[in-house]
Amino acid sequence: MLIDTHSHIYLKEFDADRDLVIERALNNSILKILLPNIDSHSVLEILRLSEKYRNICYPMIGLHPTSVKENYEEELSFINNWISKNKFIAIGEIGMDLYWDKTFVEEQKIAFNTQVQLSIKHNLPAVIHIRNAFAETFSVLESINKAKFSGVFHCFSGNLVDAQKAIEMGFLLGIGGVVTYKNASLQEIVKEIPLEKLVLETDSPYLPPVPFRGKRNESGYLIFIAEKIAEIKNISLNKVGEITSENARELFRLL
Ligand SMILES: [Zn+2]
């Protein structure tokens, strides 16, 4: 039994075959699929899917760092409004992304800080996206007076020191398709960090695991990620499924 803790199957890339994609995931023992929000345009589709696939798909709410633009305050109040209207399992995805565009770095910091505060206020885990911005992310988190956070560094791309720091702050690490690439660094981190601190994710339709690189990723491919982790840690696939699913159930309070 596996849980895909980060999947964008509500996006248009899946419009032609979304139901089949979910069926394939279920057939591959992926029993739950968690849906991180991007901005005000994605909320309704996420809610529709979570309604249709009750106890399989679960909604998050948040403003993605690459969607932080001139109108970010409007977007944040939109998100704030939704929180009281619906049950969400997490605030996500939020964070810092300085890979594509640094124009809105200050706005990104404000939006990230505001949403971490929101996750604390509503007692929800924070699902954090970081790209080329570990220093900035840690500096925002450290400015918030909180000994232990609850959440996940999704699609973890930092080094071992970043990993240990995140875990000390109370976060889990989300491990996806990148672990199957010829990337010694992430494999080393997976080897070093206890399974109790990891959750699995596909980040569909992005970052497909080997042997699907260059294709559209989907939640059913999570099994390839779990198999790679079992190989790296030299444990059974069942053990990987059992522990990482337990971690996800506990973090997101899934039944
Ligand atoms: Zn994502």
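Which residues in helix 7 meet which residues in helix 8? We will get there in a few stops, so keep your viewer open.

**Before you start**

This is a predicted model, in which local features need pLDDT of at least 70 and side-chain atom pairs count only at pLDDT 80 or more, while totals for chains, interfaces and linings use all residues. Residues are numbered from 1 along each chain as its sequence is written.

**Stop 1: the whole chain**

Select everything. The protein chain has nine helices and eight strands; helices (H or I, at least four residues) and strands (E, at least two) are DSSP runs, numbered from the N terminus. The radius of gyration of the protein chain (taken over C-alpha atoms) is 17 Å, close to the 18 Å from the globule rule for 255 residues, so the chain is as compact as a globular protein of that length. That rule is 2.2 Å times the number of residues to the power 0.38. Along the principal axes, the C-alpha atoms fill a box of roughly 45 × 40 × 35 Å.

**Stop 2: the sheet of three strands**

Now select strands 1, 2 and 3. They form an open sheet in the order 1-2-3 with parallel pairing; two strands pair if DSSP finds at least two bridges between them. Strand 1 (2–4) and strand 3 (57–59) are the edge strands, each pairing on one side only. On average, neighbouring strands of this sheet are turned by 20° against each other, direction ignored. Zoom in on strand 2 (residues 30–35), which pairs with strand 3 in the parallel sense over three bridges. Look for Leu35, which stands opposite Pro59 in strand 3.

Next, add two helices. Helix 2 (residues 43–52) lies across strand 2 and strand 3, running at about 140° to strand 3. Helix 9 lies across strand 1, strand 2 and strand 3, at about 50° to strand 1. Angles run from 0 to 180 degrees between N-to-C directions, and axes are lines fitted to C-alpha atoms, for helices over the stretch in contact.

**Stop 3: the sheet of five strands**

Select strands 4 to 8, an open sheet with the order 4-5-6-7-8 and parallel pairing. Strand 4 (91–97) and strand 8 (198–200) stand at the edges with a single partner strand each, so one side of each has no neighbour in the sheet. Strand 7 (residues 171–175) pairs with strand 8 in the parallel sense over three bridges. Here the bridge partner of Gly174 is Val199 in strand 8.

**Stop 4: helix 8 and helix 9**

Select residues 222–233 (helix 8) and 237–252 (helix 9), which pack at an angle of about 110° with axes 8 Å apart. That makes helix 8 roughly perpendicular to helix 9 (65 to 115 degrees). Show side chains: Ala226, Glu227, Ile229 and Ala230 in helix 8 meet Leu237, Val240 and Gly241 in helix 9, where contact means C-beta atoms, placed from the backbone, within 7 Å.

**Stop 5: helix 7 and helix 8**

Keep helix 8 and add helix 7 (residues 184–192); the two pack at about 70°, with their axes 9 Å apart. That makes helix 7 roughly perpendicular to helix 8. Now for the opening question: Gln187, Val190 and Lys191 in helix 7 meet Ile229, Ile232 and Lys233 in helix 8. Ile229 also belongs to the contact of helix 8 with helix 9.

Notes
Parallel < 35°, antiparallel > 145°, perpendicular 65-115°, else oblique.
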